[in-house]
Amino acid sequence: MSFPVTIVAPAEGAAGAQRSLELLEAALIRAGLELGRFGDEGRGAERLGLLAHVARSSSAVLYTLQLTVRRSDDGPEEPSDVAAVRAAAEFVQAVRAHNDRIPILLFGEQLTARRIPQSVLSRIDGVVNAYEDSPDFLARKIQREVSHYLGQLAPPFFAALMRYANDGAYSWHCPGHSGGTAFLKSPIGTVFYDFFGQNLLRADVCNAVEELGQLLDHSGPIADSERIAARTFRADHLYFVTNGTSTSNKIVWNSLVGPGDIVAVDRNCHKSILHAIMLTGAVPIYLMPTRNKAGIIGPIPRSEFTAAALQAKIDASPLVTDKSKRIRLLTLTQSTYDGIIYRADELKENLDGVVDALHFDEAWLPHAGFHELYVGMHGVANDRDRTKRTVVYSTQSTHKLLAGLSQASQILVQDTAGGHFDGRVLAQAYRMHTSTSPQYAIIASCDVSAEMMAGKRGRALVEESITEAMEFRRTIIRLGEERDDWWFGVWGPDTPSGRTGLPERAEWQLTADATWHGFDQVDDGFTMLDPIKVTLTMPGLTVHGEFSEPGSPSIPGVVLARYLAEHGVVVEKTGLYSLFVLFTIGITKGRWNSLVAELHRFKSAYDGNAVIERLMPAFAAAYPGYARLGLRDLCAALHATYRDADLAELTTAIYTEPVEQVTLPADAWTAMAAGQVEHVPLEKLAGRTTAVLLAPYPPGIPLLVPGERISETIVRFLRHEQVLAHRWPGFTGITHGVDEDGDQRTIACLLAP
């Protein structure tokens, strides 16, 4: 690992101690330390970026501070001293904002506590005075600081895993590749070994290694890391999960819900929640969010979360036999795929005692607890008011917006004031769903991801994400304002291109009088849009469902997504006329500026009607029917298909029309597992009861749950999807749950009575 000792020499520098600094640098090199230099240059955002790099990539910082040598302690301060101390204070404060552990040492002549203000002394780790000690002694002092800092970087589990992998002991346990040795016995295995590297393979061990602890029992270094992570995320309990938040959700559900229990669920939840309903035998009632005509999921109205509204849903349900039964669990998607988040503190207060447990599916919101922009908008925060009767759970995908490997997830728990949480039951559900052979690299990434967010580091990382997202949004708006013709847009509140800095929360809260969101039902101050979830819009369709006229610029999202993918840019989600991009803590200026550059190139290609086979040769090779078409002609023809079918209205209606529940999801699944279903073609589907989950991709939000009636509207959508697939191969999605048998499409339905 390369972590240099960074020597900072500001403009006012340590000119009087230059020789002693050179001697110290030579001693540091003799001690085996790598050196880096930073002139404290740059201004504004550029300087802050450089300081962040210093804070994160150095093993220690040696800041040269030159004060007037001959001034008496009680004499007047020299103007140069005032400027130098102010610069030092600003530097130290900026570095500490990104790293609260890195050693910071001041270097100069006759530096004393009487001459250095408290604002600096309280944030540094020591003072190194020239000439007081030999350069080699001072180098050993700095080396000690470096060793201590680097030695405590790794959290418990990752530290234990590195020790084990580096120990050189022979492995007699599974996995059978024995630290990668098996791969070296084959040519292709050697390629695999070289690609992933020895460390990953040496660290791929099984649960027989006792010194690493047990994931299933939450013992040893794993337990230590989970306790530290719980403090970081302000949870009473935190559990690492290596099978993704789909499994985290099922663990929570299996620890709480049994057959016949009533559960309240966000209708546009992730499919893992619906799978949990099928697994547990629960009786669902649904909370219905709004949508706009651009296909963006909006909020559930505030009125749906009252005791009276929930009871009305129970009373109206044909599946609930005991109308007096309490709701066992309420699950809410926080945030939605498109970035809508709820005022969690309000929901916890209003639902306390109304439901036994409250579960926030925060797969897309693990960052919220680390920045003041999101205060009160995330589920678990044990430094805020506790509920009295309702236990609060949060499940988070640390691999989505933080730094975990794929499938890295975690369960957070906030207990009630009276202590209603039973960890013993959760432990049993955890064992039910967790592999006995977990991937230890994923556990380590959970550990490291949490450690990266500890202290001030988490806030700094999240603030960088927000800042980069805002700069991207403002850039897109500015470029549009500077053009006389078409350009792309961003979905969200007006973000003036001339503004800099962080967003104001009030602007990002949804209100009924705002027109930008396109939702029919919005409660003021109840929800907000997370600015790091960026929906890039393109001409062709408004949020109110208005298609552009023939001849006007119109760019279906799937065409732009295909172009970007062939040019090295893969987006998170594609809408009819939008793309969704995430500004995670890993996004850089170079990455989003490259996206802007590609958008410029696409625009030029569109305006020039570039030929597809030259613009996207790989796509043209896979779908030769498009090869000789011009890009603008292709977009116009696909737009006409969407417009003629009023696809904006159809794709909204299939999610918002009332749904008829016929039988419990668990019973429908049981019937299918027993073979008591028939595969019904599309033309005979209307009125039948689906035995499978129907989920159109994109966006992957379930449309129907097993046991629900298939409507004429849904059949019309499925038929149109079939027509699109035939007419526009390569530019259409699929609906999971639909089987294809040659040219015929069928859905597994319950046997007709």
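**A guided tour of selected sites**

Gln407 is partly exposed, because its relative accessible area of 41% lies between the limits for buried, under 20%, and exposed, over 50%. The model on display is a predicted one. With Gln407 still selected, please turn to its backbone: phi is near 80°, a positive value in a residue other than glycine. Showing the neighbouring elements places Gln407 in the loop between α14 (398–401) and β13 (409–414).

Next, select Ser178. Its phi is near 50°, again a positive value in a residue that is not glycine. Ser178 occupies the loop between α6 (156–166) and α7 (187–196). Is this residue buried, exposed or partly exposed? Ser178 counts as partly exposed, with a relative accessibility of 26%.

From that loop, proceed along the chain into α7 and select Phe192, which is found in this helix. Phe192 counts as partly exposed, at 35% relative accessibility. Now add Phe195, Phe196 and Leu200 to the selection and display the surface. Together with Phe192, these residues form a nonpolar patch on the surface, with about 410 Å² of accessible area in total. Which element supplies the largest share of the nonpolar patch? That element is α7, which contributes 3 residues.

The following stop concerns the peptide backbone. Select Gln334 and Ser335 and display the bond that joins them. This peptide bond is cis, with omega at about 10°. Ser335 is placed in the loop that runs between β9 (327–333) and β10 (340–342).

For the last stop, select β19, β23 and β22 and show them as a cartoon. These 3 strands form an open sheet in the order β19-β23-β22, and their pairing is antiparallel. Which strands lie at the edges? The edge strands are β19 (677–681) and β22 (738–741), each of which pairs on one side only. Viewed with direction ignored, neighbouring strands of this sheet are turned by 40° against each other on average.

To examine the pairing in detail, keep β19 and β23 in the selection. Strands of a sheet pair through backbone hydrogen bonds, in either a parallel or an antiparallel manner. Here β19 and β23 (residues 744–750) pair in the antiparallel sense over 5 bridges. To locate one of the residue pairs, select Val677 and then look in β23 for its bridge partner, which is Leu750.

Notes:
Residues numbered from 1 in each chain as written. Predicted model: local features only at pLDDT ≥ 70, side-chain atom pairs only at ≥ 80, totals over all residues. Heavy atoms only, no water. Helix = DSSP H or I, 4+ residues; strand = E, 2+ residues; numbered from the N terminus. Buried < 20%, exposed > 50% of the residue type's maximum accessible area, 1.4 Å probe, protein only. Pairing = 2+ DSSP bridges. Axes fitted to C-alpha atoms, helices over the stretch in contact; angles between N-to-C directions. Patch = residues over 30% accessible without salt bridge, like charges linked within 9 Å, V, L, I, M, F, W, Y side chains within 5 Å. Areas by Shrake-Rupley, 256 points an atom, 1.4 Å probe, with all protein chains shown as cover. Salt bridge = Lys/Arg side-chain N within 4 Å of Asp/Glu carboxyl O.
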